Amino acid sequence: MEAFKETLVSELGNETAFTIPVLGGIPVAESVVVTWIVMAVWMVLALVLTRNLSVRRPGKAQLALETAVSFLNGFVKDNLGKHWRPFAPYLGTVALYIGLSNIIGIFGLTPPTKDISVTAALAVMSMLLIYGAQFRYNGLLGGMKKFAEPMPLLVPINLMEVIIRPLALCMRLFGNVLGAFIIMEMIKLLVPAVVPAVLSIYFDLFDGLIQMVVFVFLTTLFTGEGIKEEE
């Protein structure tokens with residue numbers, strides 16, 4: 001059991017993949033290297049899947065891509081209103097990154113979203129998107145008034161949400177990915193054959209995709225609250 005504890009603690013850490021020999025040595029974390037792999041995979045797939053697009057005779061891959069893009073655009077439009085268009089590409093990119101990052105453990109790599117610095121960075125980006133859009137489309141005064149909705153009495157709570165929202169996004173994603181990782185490691189120790197492969201379908205695949213949906217959905221919802229006009 002002690003050996004398992006030591007192995008688990010070492011796995012929970014964000015190990016340094018290599019060090020760049022400049023300025024006294026710049027350590028590059030394993031999560032960064034896996035992120036590069038995720039980026040490379042999506043770039044290659046984007047080039048391969050979009051090289052033979054056709055208006056008159058679209059293939060099955062093109063139809064699938066168009067369906068996915070239409071679904072994303074519709075989802076963002078429903079939540080953000082008339083200002084949806086600039087946000088869809090970013091939200092789609094975040095969904096692709098988190099989705100593959102969460103399930104990449106199936107291929108023997110460590111999910112970068114297991115590193116709290118990665119999830120924190122994603123949460124900060126969401127915070128900048130949410131409140132940047134709020135002031136961009138409402139102006140300085142209009143953006144400040146949003147903190148007084150639905151009543152001025154809630155101003156302190158709404159101001160606290162500036163920190164609470166990104167913190168919740170960060171810890172929800174990090175906690176679920178980390179929890180799934182710990183459970184899978186324990187299962188591998190207790191039942192090393194067959195069972196881990198079956199449960200990996202849930203913890204590494206299904207749960208990972210669910211967390212991607214939750215992160216993107218909440219980011220879109222919070223952004224919409226700040227910019228969507230009342231009808």
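The following conversation discusses a predicted model of a protein chain.

Visitor: Where does UniProt place the transmembrane region feature?

Guide: The UniProt record, an unreviewed entry, places the feature "transmembrane region" at residues 33-50, 87-110, 116-137, 173-203 and 209-227.

Visitor: How much helix and how much strand is there over residues 116-137?

Guide: Residues 116-137 are 100% helix and 0% strand. The C-alpha atoms at the two ends of this stretch are 31 Å apart.

Visitor: And what about residues 209-227?

Guide: That stretch is also 100% helix and 0% strand. Its end C-alpha atoms lie 27 Å apart.

Visitor: New topic: which residues form the nonpolar patch on the surface?

Guide: The patch consists of Ile 37, Val 41, Trp 42, Val 44, Leu 45, Val 48, Leu 49, Leu 65, Leu 96 and Leu 109. Together they have about 720 Å² of accessible area.

Visitor: Which helix gives the most to the patch?

Guide: Helix H2, residues 30-49, gives the most, with 7 residues.

Visitor: Where is Leu 96, then?

Guide: Leu 96 is located in helix H4, which covers residues 88-103. Its relative accessible area is 40%, so Leu 96 is partly exposed.

Visitor: How much space lies in the largest pocket?

Guide: The largest pocket holds about 820 Å³ of space. It is lined by 27 residues, and those closest to its centre are Ala 68, Val 69, Leu 72, Gly 92 and Leu 96. Leu 96 therefore appears in two places in this account, as a member of the nonpolar patch and as a residue of the pocket lining, and its partly exposed state is given by the value of 40%.

Visitor: Which elements give two or more residues to that lining?

Guide: Those elements are H2, helix H3 (60-80), H4 and helix H7 (195-227). H4 gives the most, with 9 residues.

Visitor: Let's turn to charges. How many salt bridges does the structure hold?

Guide: The structure holds 3 salt bridges. One of them joins the side chains of Lys 146 and Glu 149, with an N to O distance of 3.8 Å.

Visitor: Is Lys 146 buried or exposed?

Guide: Lys 146 counts as buried, because its relative accessibility is 18% and the cut-off for buried is under 20%. Its partner Glu 149 counts as partly exposed at 40%.

Visitor: What does Glu 161 meet in a salt bridge?

Guide: The side chain of Glu 161 meets that of Arg 165, at 3.3 Å from N to O. The two residues are 4 residues apart in helix H6 (residues 155-190), so about one helical turn separates them. Glu 161 is partly exposed, with a relative accessible area of 26%, whereas Arg 165 is buried, at 12%.

Visitor: Which other residue forms a salt bridge with Arg 165?

Guide: Arg 165 also forms one with Glu 225, and their closest N and O atoms are 2.5 Å apart. This pair links distant parts of the chain, since Arg 165 is in helix H6 and Glu 225 is in helix H7, 60 residues apart. Glu 225 counts as partly exposed, at 43% relative accessibility.

Visitor: Which residues do the shared salt bridges join into one network?

Guide: Glu 161, Arg 165 and Glu 225 are joined into one network by salt bridges that share partners.

Methods:
Residues are numbered from 1 along each chain as its sequence is written. This is a predicted model: local features need pLDDT of at least 70, side-chain atom pairs count only at pLDDT 80 or more; totals for chains, interfaces and linings use all residues. Side-chain values use heavy atoms; hydrogens and water are left out. Patches are made of residues with over 30% relative accessible area and no salt bridge: like charges are joined within 9 Å, nonpolar side chains (Val, Leu, Ile, Met, Phe, Trp, Tyr) within 5 Å. Accessible areas come from the Shrake-Rupley method with a 1.4 Å probe; for residues, only the protein chains shown count as cover. A salt bridge is a side-chain nitrogen of Lys or Arg within 4 Å of a carboxyl oxygen of Asp or Glu. Buried means under 20% relative accessible area, exposed over 50%, partly exposed in between (1.4 Å probe, protein chains only). UniProt positions are given in the numbering used here, feature names are shortened, and annotations may be inferred rather than shown by experiment. On a 1 Å grid over the protein atoms alone, a cavity is a set of points where a 1.4 Å probe fits but cannot get out, and a pocket is an open set with protein on both sides within 12 Å along at least five of seven lines; lining residues have an atom within 4 Å of a point. Grid points are joined across faces, edges and corners, and a volume is the space filled by probe spheres set on the points.
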